[in-house]
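Got your viewer open? Let's take a short walk through this model, one selection at a time.

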Amino acid sequence: LRAAQAALEERNSELDSFVYIVSHDLKAPLRAISNLSQWIEEDTQTVISETTQQHMALLRSRARRMSTMIDGLLNYARVGRAEYAVESVVIEDLWREVIDSLAPPPTFTITITPSPLILYTKSLLLYQVFANLIGNSIKHHDRTDGLVQISAYDRGDFCEFVVADDGKGIAPAYHERIFSIFQTVNSPDNLESTGVGLAIVKKIIESEKGSIRFESQVGQGTTFYFTWPK
């Protein structure tokens, strides 16, 4: 068992090194591509056509998207490998902190169901889960006056959290793969959608011995349910 544990730790260390090296080696040329396209456009702006300028802008947007996806991959790889502080968490305070950091549009409504829950847990991981779920509800909503409702329930040995929105919903074709890495229901031109966020959410929750599921119908919004041990 000790030998297997040592081998696993060595493999994990090798994987960490590989991920960071690949990230650095990929992000450096992406920055160069973005910068060079900007410089070429500036040097030739009186010569190149409007269509070529649009192509240059598209090139930079693709490079930024790839850089964002690499960052997401790094975050995904870190889940379960880092040590996080365990501390007392007042759930309502955590929700308000997340909402404040996301800065939703003033026309957007986020309602919190009053909850007395106080958990002794890894607050940073729970924060990441709520930030992703609530942030997705805001970013991918089809209206600026959308609604997100957050609630929590004491289920004995664990808590159940619910994040529900009244957005455009998720088509059935995407239900089976929504938690898969690099899968997105949005346009590939959307830099906010890397297809990593929900994969990270699922990995965090399962690393803490919880579970996550969702219900969604097109035009009727999406509701995520996840459990978290006390």
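Here's a tour with a few stops, and keep in mind that you're looking at a predicted model.

**Stop 1: a helix and its surface patch.** Select residues 2-43, which is helix α1, and find W39 in it. Now add L36 and I40: together with W39 they make a nonpolar patch on the surface. The accessible area of this trio adds up to about 310 Å².

**Stop 2: an arginine tucked away.** Next, select residues 50-78 to light up helix α2, then pick out R60 within that helix. Is R60 buried or exposed? R60 counts as buried because its relative accessible area is 10%, which is under the 20% cut-off. Show side chains and look at what R60 touches: leaving out residues up to four places away in sequence, you'll find S34, S37, Q38 and E41. Zoom in on E41, whose side chain makes a polar contact with the side chain of R60 at 2.9 Å.

**Stop 3: the largest nonpolar core.** In soluble globular proteins, nonpolar side chains tend to be buried together. Here the largest nonpolar core has 40 residues. Select L126, F130, I150, F161, F226 and W228 to see the members with the most contacts inside that core. Elements giving two or more residues to the core include helices α3 (91-102) and α5 (197-207), along with strands β4 (147-154) and β5 (158-165). Which element gives the largest share? That's α4, with 9 residues.

**Last stop: F130.** Select F130 and show its surroundings. Beyond its neighbours within four places in sequence, F130 is in contact with L94, W95, V98, G135, I150, F161, V163 and F226.

Terms used:
Residues are numbered from 1 along each chain as its sequence is written. This is a predicted model: local features need pLDDT of at least 70, side-chain atom pairs count only at pLDDT 80 or more; totals for chains, interfaces and linings use all residues. Side-chain values use heavy atoms; hydrogens and water are left out. Helices (H or I, at least four residues) and strands (E, at least two) are DSSP runs, numbered from the N terminus. Buried means under 20% relative accessible area, exposed over 50%, partly exposed in between (1.4 Å probe, protein chains only). A polar contact is a pair of N or O atoms within 3.5 Å; within protein, one must be able to donate a hydrogen and the other to accept it, and residues adjacent in sequence count only if both atoms are side-chain atoms. Contact means heavy atoms within 4.5 Å. A nonpolar core is a set of buried Ala, Val, Leu, Ile, Met, Phe, Trp, Tyr and Cys residues joined through side-chain atoms within 4.5 Å. Patches are made of residues with over 30% relative accessible area and no salt bridge: like charges are joined within 9 Å, nonpolar side chains (Val, Leu, Ile, Met, Phe, Trp, Tyr) within 5 Å. Accessible areas come from the Shrake-Rupley method with a 1.4 Å probe; for residues, only the protein chains shown count as cover. A salt bridge is a side-chain nitrogen of Lys or Arg within 4 Å of a carboxyl oxygen of Asp or Glu.
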